[in-house]
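This report looks at a ligand shell and at an annotated site. The structure comes first.

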Amino acid sequence: MGKTLAQKVWDDHVVRHGSNGAPDLLYIDLMLMHEVTSPQAFDGLRVAGRTPRHPELLIATEDHNTPTVNIDCPNPDATSALQLSTLERNCEEFGIRLHGLGDADQGIVHAFAPMLGLTQPGMTIVCGDSHTSTHGAFGALAFGIGTSEVEHVMATQTLSLKPFKTMAVNVNGVLPPDVTAKDVILAIIAKIGTGGGQGYVIEYRGSAIEHMTMDERMTICNMSIEAGARAGMIAPDDTTFTYLKGRPHAPQGELWDMAVDYWKTLRTDDDAVFDKEVTLEAAELAPFVTWGTNPGQGVPISQSIPDPDSFEDATQRNAAHRALDYMDLEPGTPMKSIPVDTVFIGSCTNGRIDDLREAAAIMKGRKKADSIHRVLVVPASSRIRIQAEEEGLDKIFEEFGAQWRNAGCSMCLGMNPDQMVAHERAVSTSNRNFEGRQGKGSRTHLVSPQVAAATAVMGTICTPADLPSLMEA
Ligand SMILES: CC(C)[C@H](C(=O)O)[C@@H](O)C(=O)O
Ligand code: SF4
């Protein structure tokens with residue numbers, strides 16, 4: 001029987017097969033690190049008197065605790081400052097390359113690595129961060145691990161793991177013009193549920209996925225974890241190879257040709273069987289928005305807030321009641337009538353150059369609504385920031401009335417100064433709308449960059465198609 005993409009990458013990394021149901025020992029090609037989940041791992045190594053087995057395969061950045069303004073000033077928060085200085089000391093002591101704040105390659109861990117060409121097809125990539133699934137967009141087997149596993153990888157460059165189950169999510173056909181990668185993944189999560197992917201590696205397939213850019217594919221794979229999956233993958237193809245060619249860490253010359261020959265073998269065989277298959281018709285999808293407090297509580301934007309009592313499942317019903325209470329929303333309210341205070345465009349889901357270009361195209365020649373308190377546009381990495389500025393996007397954002405920031409996780413989660421206050425409502429291009437995620441008591445609606453930008457113009461949730469054309473305005 002043939003193999004799936006995930007199985008091929010797995011098999012190519014087995015150092016030792018586990019017998020009698022014991023886990024396999026897998027070789028890890030690359031471990032990415034950040035300030036939040038590394039300190040205990042470094043401490044563990046120190047206590048055991050060990051050194052990293054392959055320090056050159058460990059690469060760190062600073063992202064969660066970093067401010068996005070005045071980055072040359074002392075960090076305003078003592079805990080964050082300590083977290084960052086600890087990473088800096090640890091990297092220095094253990095000989096690990098760090099792209100710290102101020103470095104041109106600093107940025108969100110899942111954004112800076114692809115930009116450098118560190119993320120490549122067929123690799124095993126881990127990081128103490130759940131959204132490591134992002135790197136699966138390149139056909140890598142990439143997943144988040146816990147702090148004790150981070151220590152294990154540092155010490156041995158291997159990880160002990162039981163094989164994952166495999167799921168295919170097929171998105172067939174052509175997407176309507178206003179439907180983005182973010183809408184596709186929100187629709188997938190709404191369909192399979194936030195636990196639907198548990199124990200699986202999802203492979204996204206079908207013509208709608210094949211037509212996506214690498215930035216769009218990263219948006220899709222990024223949110224695999226929000227469906228409960230361990231990882232998300234997309235088979236590498238010419239789009240992948242074109243993106244990688246010439247990047248600082250991409251193979252060169254003869255090695256490039258050899259790499260591409262191998263990468264081309266990383267496709268699920270025709271006779272491979274997935275443990276589960278789910279299919280969506282691209283033509284039936286629409287721009288999506290969440291109304292609740294988990295990423296699966298979403299609807300097409302033209303719809304209204306569902307009645308919690310319409311859910312047959314008692315757990316879902318209770319969750320919906322609680323979510324609407326927290327979100328201060330009534331069933332039956334059209335999504336497009338909801339006013340918001342804040343717009344956040346950024347994160348490892350939607351802070352890449354494609355996302356910034358899309359947002360800028362909508363903001364160009366327009367102004368933010370007076371009712372919107374703030375529009376934050378935060379590039380996912382410093383390299384993306386440089387690229388956006390070379391294209392003049394920063395000027396468009398500023399003329400629109402948005403704040404153009406330095407790279408980092410920013411308002412995706414409340415670990416740095418970019419936080420919302422209680423009862424503030426945002427449309428956000430990030431990936432989690434949990435209670436208090438963007439600040440204590442804050443309310444989050446997950447959307448695409450296009451919907452975020454359009455909402456910033458109108459003041460209420462809407463799509464670019466709802467905006468008056470610039471001629472009429
Ligand atoms: C801080 C980190 C451990 C966490 C994660 O694992 O995802 C964060 O990045 C998040 O998005 O909530
Ligand atoms: S941007 Fe958000 S989701 Fe991504 S790594 Fe940072 S905190 Fe986690």
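UniProt positions are given in the numbering used here, feature names are shortened, and annotations may be inferred rather than shown by experiment. The unreviewed UniProt entry annotates Cys348, Cys409 and Cys412 as "binding site". These residues are spread over 65 residues of sequence, yet they cluster in space, with a largest C-alpha distance of 8.8 Å.

This is a predicted model: local features need pLDDT of at least 70, side-chain atom pairs count only at pLDDT 80 or more, and totals for chains, interfaces and linings use all residues. Residues are numbered from 1 along each chain as its sequence is written, while chains are lettered from A and ligands numbered from 1 in the order in which they are written.

Two of the cysteines are set out below. Helices (H or I, at least four residues) and strands (E, at least two) are DSSP runs, numbered from the N terminus. A residue is buried if 20 or more other C-beta atoms, placed from the backbone, lie within 10 Å of its own, exposed if 12 or fewer, and partly exposed in between.

| Residue | Place | C-beta atoms within 10 Å |
|---|---|---|
| Cys348 | helix H12 (residues 347–350) | 28 other C-beta atoms within 10 Å, buried |
| Cys409 | loop between strand E17 (403–404) and strand E18 (425–428) | 30 C-beta neighbours inside 10 Å, buried |

Contacts mean C-beta atoms, placed from the backbone, within 7 Å. Not counting residues up to four places away in sequence, Cys348 touches Ile108, His110, Ala111, His131, Thr134, Asn222 and Ala380. With that same exclusion, Cys409 touches Asp63, His64, Ile108, Ser347, Met415 and Asn416.

Now the ligand. The residues around ligand 1 (C-beta atom, placed from the backbone, within 6 Å) are Val36, Thr37, His64, Asp129, Ser130, His131, Gly144 and Leu413.

Technical notes. Two residues are in contact if their C-beta atoms, placed from the backbone, lie within 7 Å.
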